[in-house]
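Colleague: I have not seen this one before, so please put it up and take me through it slowly.

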Amino acid sequence: MCVKGFHFLTVLAGLAASGVLQVSGMRIYTSGEVEAVNGTDVRLKCTFESSSPININLVVISWTFRPLGPGREESVFHFQQRPYPPVEGIFRKRIVWAGDVMGRDASIIIREVKFTYNGTYICQVKNPPDVHGSVGQIKLRVVTTASFSELLLLALAIGGGIAVVVILLIIIVSCRRCKKRRQRQMEGNEEAPRKERKDPTVCHPSKAIHLYLSETSIEIDSSDGMISDPSTPSSSSSEDEGPSSDDDDDGDDSD
């Protein structure tokens with residue numbers, strides 16, 4: 001009998017070591033500590049894991065608040081099939097549901113935090129049959145102004161964003177200018193007339209000037225040595241001279 005009992009315990013130990021037997025339970029994750037400026041909104045992030053499938057009709061989420069000083073715990077928020085914000089107390093009309101049950105997110109937002117909100121916020125999730133497990137805690141610290149590190153990070157983020165936008169604008173404007181210049185150059189090359197190079201010594205046939213040289217004769221009068229007007233020989237003058245010579249010959253014969 002003792003041998004059988006020892007053998008049974010050995011088998012259980014082996015199954016547990018191999019991971020076949022697992023203890024069901026919820027695992028909840030929070031940010032631990034959060035700092036918020038007085039009068040601003042703050043998000044309390046809470047996520048969870050469950051070994052059982054998520055059933056939105058069975059999941060129960062509850063948030064409670066424990067102040068820094070003496071005082072009792074106060075209910076902050078409750079979710080069961082739908083969100084139930086508080087209807088009384090210091091958190092009335094200050095809590096907004098910001099989670100997603102199917103996404104395993106049980107976060108909430110506190111609007112316009114006050115100094116009286118300093119304390120510990122406890123996030124608890126149940127997903128039957130997973131109803132046992134650890135709870136998540138967040139310590140909220142409300143301050144007058146943001147710390148230097150937060151201001152520095154904010155300034156760097158804003159400056160970096162502005163620098164990126166400016167660089168993008170410069171690149172876009174430069175690309176557009178280059179594109180316009182190329183278009184103008186292409187349009188100018190297409191519209192500019194192509195001028196043919198001409199020989200300055202050659203005239204157009206329609207404008208050519210033809211020079212006609214005519215033969216001229218110069219007669220010199222032997223009596224007075226004067227140069228008479230130039231005359232051009234013609235057929236009519238030769239014909240006139242011909243008959244006169246014949247007449248002279250006839251006169252001689254008559255004599």
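Colleague: Starting with C175, what is its relative accessibility?

Modeller: C175 has a relative accessibility of 48%, so this residue counts as partly exposed, a class that lies between buried, under 20% relative accessible area, and exposed, over 50% (1.4 Å probe, protein chains only). C178 is in no disulfide, the nearest cysteine sulfur being that of C175, 6.6 Å away, and a disulfide here needs a pair of cysteine sulfur atoms within 2.5 Å. C178 is also partly exposed, because its relative accessibility is 40%.

Colleague: Before I read too much into that, what should I know about where the numbers come from?

Modeller: This is a predicted model, in which local features need pLDDT of at least 70 and side-chain atom pairs count only at pLDDT 80 or more, while totals for chains, interfaces and linings use all residues. Residues are numbered from 1 along each chain as its sequence is written, and side-chain values use heavy atoms, with hydrogens and water left out.

Colleague: Fair enough, and what pLDDT does the protein average?

Modeller: The average pLDDT, which is the predictor's confidence in each residue on a scale from 0 to 100, is 75 for the protein, and 62% of the residues score at least 70. Residues 11-23 have a pLDDT below 50, and beyond near neighbours in sequence this stretch has 4 contacts in the model, a contact meaning heavy atoms within 4.5 Å. Over residues 231-255 the pLDDT likewise stays under 50, and for these the model has 4 contacts beyond four places in sequence. Where pLDDT is low, the predicted coordinates should not be read in detail.

Colleague: Okay, stepping back, how many helices and strands are there?

Modeller: The protein has 3 helices and 11 strands, taken as DSSP runs numbered from the N terminus, with helices being H or I over at least four residues and strands E over at least two. Read from the N terminus on, the order is α-β-β-β-β-β-β-β-β-β-β-β-α-α. Of the contacts between residues at least 6 apart in sequence, 57% join residues at least 24 apart, and buried residues make up 18% of the 255 residues.

Colleague: Back to cysteines, which ones form a disulfide?

Modeller: C46 and C123 do, with their sulfur atoms 2.2 Å apart, and a search of the whole structure finds 1 disulfide. C46 sits in strand β4 (residues 46-50) and C123 in strand β10 (residues 119-126), so the pair ties together parts that are 77 residues apart in sequence. C46 is buried because its relative accessible area is 0%, and C123 is buried at 0% relative accessibility.

Colleague: What else is in β10, T120 for instance, and what does T120 touch?

Modeller: T120 is found in strand β10 and counts as buried, with a relative accessible area of 9%. Leaving aside neighbours within four places in sequence, T120 is in contact with T64, F65, R66, Q137, I138 and K139.

Colleague: R66 is charged, so which side chain does R66 meet in a salt bridge?

Modeller: R66 meets E73, at 3.3 Å from N to O, where a salt bridge means a side-chain nitrogen of Lys or Arg within 4 Å of a carboxyl oxygen of Asp or Glu. Both partners are partly exposed, R66 with a relative accessible area of 31% and E73 with 41%.

Colleague: How many salt bridges does the whole structure have?

Modeller: The search finds 3. One of them joins E35 and R141, whose closest N and O atoms are 2.2 Å apart; E35 lies in strand β2 (residues 33-37) and R141 in strand β11 (residues 136-143), so the pair ties together parts that are 106 residues apart in sequence. Another salt bridge is formed by the side chains of R43 and D105, at 3.3 Å from N to O, and R43 belongs to strand β3 (residues 42-44) while D105 is in the loop between β8 (95-97) and β9 (108-110), so parts 62 residues apart in sequence are tied together.

Colleague: Last topic, the surface: which residues form a nonpolar patch there?

Modeller: L154, I158, I162, V166 and I170 form one, with about 460 Å² of accessible area together; areas come from the Shrake-Rupley method with a 1.4 Å probe, and for residues only the protein chains shown count as cover. Patches are made of residues with over 30% relative accessible area and no salt bridge, joining like charges within 9 Å and nonpolar side chains (Val, Leu, Ile, Met, Phe, Trp, Tyr) within 5 Å. V166, found in helix α2 (residues 148-191), counts as partly exposed at 40% relative accessibility.
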